[in-house]
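Please open the model in your viewer and keep the selection panel at hand. The stops below move from one selection to the next, with a short account of what is to be found at each.

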Amino acid sequence: MRLSRYFMPVTRETPADAQVASHKLMLRAGLVRQTAAGIYAWLPLGLRVLKKIEAIVREEQDKAGAVELLMPTIQSADLWRQSKRYDAYGPEMLRLKDRHDREMLYGPTNEEMITALFRDAAKSYRDLPRTLYHIQWKFRDEVRPRFGVMRGREFLMKDAYSFDLDEDGARHSYNRMFIAYLRTFARMGLTAIPMQADTGPIGGDLSHEFIILASSGESDVFYHKAWEADRSAEAEGVDADDPAALQAFVGGLTADYAATDEKRDPAREAAAGADLRQSRGIEVGHIFYFGTKYSASMGFTVQAGDGTQVHPEMGSYGIGVSRLVGALIEARHDEAGIAWPESVAPFQVGLVNMRADDPACAGAADDLYRRLGQAGVETLYDDRDERGGAKFATMDLIGLPWQLILGPKGLGRGVVELKRRATGEREELSIESALARLAG
Ligand code: ATP
Ligand code: MG
């Protein structure tokens with residue numbers, strides 16, 4: 001993409017209404033624009049990051065055996081009356097009326113809709129187990145939308161729902177998601193700590209929030225220091241189709257080292273001892289087993305193997321896809337701007353032509369840009385007629401993993417400069433070696 005033809009409104013000023021680094025940087029780097037309180041337009045650069053995160057989430061859901069569909073954002077109030085949640089949900093729900101005066105709502109979540117959809121199709125144990133998911137916009141009329149996209153009112157969520165015949169099956173579905181989450185966040189370069197969460201009236205231990213450590217986070221977390229290392233690799237060796245092996249693995253991880261949001265838990269303190277750590281964190285995902293809550297209230301039964309009718313056991317599994325864009329920046333930034341991990345970066349390389357007014361430089365940069373494109377390297381090419389200093393500042397701000405700098409002096413010697421954004425390391429190398437490196 002040529003910057004001269006792109007839409008990337010970057011600014012030097014720090015926006016007055018933004019409190020946390022990620023919010024400031026998202027506005028300054030032209031990733032999003034607020035259009036109403038807690039509602040954002042995704043500008044081209046931000047949209048590319050959002051799509052990359054979405055793609056990783058989708059791949060890991062598919063690998064975990066979940067099946068994608070797409071449910072609408074607008075739902076009918078009657079659906080929510082079936083589960084008795086329409087009145088209970090409160091002012092976070094955005095309620096609307098259509099022209100016929102029918103009560104509608106903008107979905108804050110989809111348990112009711114997925115239960116109704118699956119209920120109308122699944123009849124027997126042969127239709128189970130299934131985990132269905134979608135990646136769709138939600139609306140919650142948050143009391144205090146803040147921190148930019150991290151607590152918006154309209155936000156993108158991946159929500160999956162599992163249906164099993166019995167509790168053991170539901171636990172297995174839960175465990176599959178548990179390790180899918182470890183993998184998902186690790187692929188984004190994040191260490192997400194599973195924190196035991198409140199299960200409400202259902203009880204049990206099957207609810208975890210996945211928390212990434214950040215001083216600006218809204219959650220308190222107490223955790224064993226072992227979680228500071230990426231533990232997703234340990235999950236690779238586990239056979240996810242083997243319920244006992246998976247349960248042993250997940251049970252082992254969470255029993256000894258489970259994090260909590262309260263320190264007053266003697267068992268945990270004793271287990272972690274001097275290795276207990278405390279931090280603030282951002283919730284990027286939440287997995288939850290809730291039994292037959294919706295299948296029972298919404299009259300969903302299937303025929304079990306012994307001929308009896310049973311309510312399927314359900315769980316739900318959310319990931320804050322749009323919140324992750326902000327959370328990633330909280331984890332990866334410095335004074336100069338963002339430093340994206342390669343897996344979610346909007347482009348891999350920022351190609352900077354130092355002298356757009358010099359025909360030899362422009363010709364060489366154009367050629368390099370074309371060859372990067374042929375090699376499949378996603379490149380943002382700063383071909384504008386601007387000062388080098390301003391171009392560098394912009395590149396550091398938007399945080400592409402690599403900067404490739406081409407100027408008249410280097411060109412005379414046949415070299416370009418390659419800079420790694422995260423560390424600031426620079427090296428000079430020939431155009432051919434630079435191409436080989438980036439395409440590799
Ligand atoms: P929170 O405690 O942060 O309000 P929640 O418990 O209401 O989260 P869930 O209903 O479990 O969240 O939703 C699943 C995921 O959706 C959360 O883990 C979070 O990453 C994301 N999410 C929830 N609310 C918002 C919001 N207002 N803006 C952006 N992302 C959100
Ligand atoms: Mg909430």
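## A buried arginine and its partner

Begin by selecting R153, which at 17% relative accessibility counts as buried, and bear in mind throughout that this is a predicted model. Show D141 beside R153: the two form a salt bridge in which the closest N and O atoms are 2.8 Å apart. Both residues lie in the loop between β7 (130-139) and β8 (154-164), so the pair ties together parts that are twelve residues apart in sequence. D141, at 27% relative accessibility, counts as partly exposed.

## R81 and its two acidic partners

Next select R81, which counts as partly exposed at 35% relative accessibility. One partner to display is D78, whose salt bridge with R81 has its closest N and O atoms 3.0 Å apart. Both of these residues belong to helix α3 (residues 77-82), where they stand three residues apart, about one turn of the helix. In general, an α-helix has 3.6 residues a turn, so residues three or four places apart point the same way.

Then add E103, which also forms a salt bridge with R81, here with the closest N and O atoms 2.7 Å apart. Because E103 lies in strand β6 (residues 103-106) while R81 lies in helix α3, this pair ties together parts that are 22 residues apart in sequence. E103 counts as partly exposed, its relative accessibility being 32%.

If you would rather select every such pair at once, a search of the whole structure finds 36 salt bridges. Among the residues to look for are E59, E60, K63 and R187, which are linked in a network of salt bridges.

## Q61 in helix α2

Now move to Q61, whose place is in helix α2. Is Q61 buried or exposed? With a relative accessible area of 0%, Q61 is buried. Leaving aside residues up to four places away in sequence, Q61 touches A66, Y133, K158, A160, M177 and Y181, and these six can be displayed together with Q61 as a single selection.

## Where the two domains meet

For the next stop, colour the protein by its domain assignment, which gives domain 1 (3-338) and domain 2 (349-439). The C-alpha centres of the two domains lie 38 Å apart, and at the interface 17 residues of domain 1 are in contact with 13 residues of domain 2. Between them the domains bury about 1,200 Å², of which 59% is on carbon and sulfur atoms.

Across this interface there are three salt bridges, and eight residue pairs are in polar contact, both residues of each pair being at pLDDT 80 or more. On the side of domain 1 that touches domain 2, the elements that give two or more residues are α1 (21-28), α2 (44-63) and β17 (337-338). The largest share of that side, three residues, comes from α2. By class, the side of domain 1 that touches domain 2 has nine nonpolar, three polar and five charged residues.

Select E378 and R48 as well, since their side chains meet in a salt bridge at 3.4 Å, N to O.

## Helix α12

Finish at helix α12 (residues 388-398), which is mostly covered, with eight of its eleven residues buried. Which residues of α12 are buried? They are G388, A390, K391, T394, M395, D396, L397 and I398. As a last selection take G399, which follows α12 and has a positive phi, near 75°.

How values were computed:
Residues numbered from 1 in each chain as written. Chains lettered and ligands numbered in written order. Predicted model: local features only at pLDDT ≥ 70, side-chain atom pairs only at ≥ 80, totals over all residues. Heavy atoms only, no water. Domains from an automatic or database assignment. Contact = heavy atoms within 4.5 Å. Buried area = accessible area lost by both parts, 1.4 Å probe. Salt bridge = Lys/Arg side-chain N within 4 Å of Asp/Glu carboxyl O. Polar contact = N/O pair within 3.5 Å; in protein donor to acceptor, adjacent residues only side chain to side chain. Helix = DSSP H or I, 4+ residues; strand = E, 2+ residues; numbered from the N terminus. Nonpolar A, V, L, I, M, F, W, Y, C, P; charged D, E, K, R; others polar. Buried < 20%, exposed > 50% of the residue type's maximum accessible area, 1.4 Å probe, protein only.
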